[in-house]
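Got the viewer open? Let's take a walk through this model, one selection at a time.

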Amino acid sequence: MPIFQRVFKKYDALNQSVQENVSGIRVVKSYVREDFEQKKFNKASDDITVEFIKAEKILAYNNPIMNFAIHLSNILVCSIGGFLIYRTSIYDRLTNNIAYGKLSVGQLSSLLTYGVQILMSLMMISMIIVMLAMSLESIRRIADVLEEEPTIENPQNPLMALKDGSVIFKNVNFKYSSSAQKNTLENINLNIKSGDFIGIIGSTGAGKTSLINLISLH
């Protein structure tokens, strides 16, 4: 169901916000970004709340509809069955017995019992279908991670030793997925000489970790 896809994407944004703040708490405090990060977290939390309410509304309709169907079927069975019993039964005054025609009271009771059991089973099936829809979306997300193939491949003849450990980037762009709409790093220019010690600073989510990982692949 598309609603669950949107819910899980909102979960991603919320988890990313929490992860960035926990791992980069010193950076957040150093740049006095607490208010900004709080607003970003609140926005992600509000978004997931809205989507969850929409999903829960859909799930909430399940029980009332099934209960309405059960009670409506009971009313119809009782009405039609009672009419048949009344119209086709014959009362014998001599023996004080009732000769039932097309339908007896016992048969009507059995029909009600079987009908309720069938409808209750259908209700359970509908609940299982909803749970399967949520589970399939989770399975699809797990499968996407497991089936993801890295775009960076090891060279056939790797360099085992470096004469010069300098790092030079010229207008480097990087994104984690080829289908991503926005680059994680864009127009990066670096010229780090071998033996230099540098520090990389920036706000949470600016791409510091991505840049360091990219340097290690240089």
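Before the first stop, a word on naming: helices here are DSSP runs of H or I, at least four residues each, numbered from the N terminus. Keep in mind, too, that this is a predicted model.

**Stop 1: helix 3.** Select residues 34–60, which make up helix 3. Helix 3 has 27 residues and spans 38 Å from first C-alpha to last, close to the expected 39 Å.

Now show the side chains of Asp47 and Lys43. They meet in a salt bridge, 3.2 Å from N to O. Both sit in helix 3, four residues apart, or about one turn of the helix. An α-helix has 3.6 residues a turn, so residues three or four places apart point the same way. As for the surroundings, Asp47 is partly exposed at 24% relative accessible area, while Lys43 counts as exposed at 54%.

Stay on helix 3 and pick Lys40 and Glu37. Here is another salt bridge, again listed at 3.2 Å, N to O. These two are three residues apart, about one turn of the helix. Is Glu37 buried or exposed? Glu37 counts as buried, with 4% relative accessibility, and its partner Lys40 is partly exposed at 28%. A search of the whole structure finds two salt bridges, and you've just seen both.

**Stop 2: the buried side of helix 3.** Which residues of helix 3 are buried? Select Glu37, Ala44, Ile48, Glu51 and Ala55. Then add helix 1 (2–23) and helix 2 (25–30), since these are what the buried residues of helix 3 pack against.

**Stop 3: a patch on the surface.** Move on to Phe68, Leu72, Leu76 and Ile80, and switch on the surface. Together they form a nonpolar patch with about 410 Å² of accessible area. Click on Leu72: this residue belongs to helix 4 (residues 62–88) and counts as partly exposed, at 38% relative accessibility.

**Stop 4: the largest nonpolar core.** Time to look inside. Select Val167, Phe169, Phe174, Leu185, Ile188, Ile192, Leu211 and Leu214; these eight residues are the largest nonpolar core. Strand 3 (167–174), strand 4 (185–192) and helix 6 (208–216) each give two or more residues to this core. Another core, of six residues, lies apart from it, and its members include Ile3, Val7, Ala55 and Ala133. You've met Ala55 already, as one of the buried residues of helix 3. In soluble globular proteins, nonpolar side chains tend to be buried together.

Conventions
Residues numbered from 1 in each chain as written. Predicted model: local features only at pLDDT ≥ 70, side-chain atom pairs only at ≥ 80, totals over all residues. Heavy atoms only, no water. Salt bridge = Lys/Arg side-chain N within 4 Å of Asp/Glu carboxyl O. Buried < 20%, exposed > 50% of the residue type's maximum accessible area, 1.4 Å probe, protein only. Patch = residues over 30% accessible without salt bridge, like charges linked within 9 Å, V, L, I, M, F, W, Y side chains within 5 Å. Areas by Shrake-Rupley, 256 points an atom, 1.4 Å probe, with all protein chains shown as cover. Expected span 1.5 Å × (residues − 1). Contact = heavy atoms within 4.5 Å. Core = buried A, V, L, I, M, F, W, Y, C linked by side-chain atoms within 4.5 Å.
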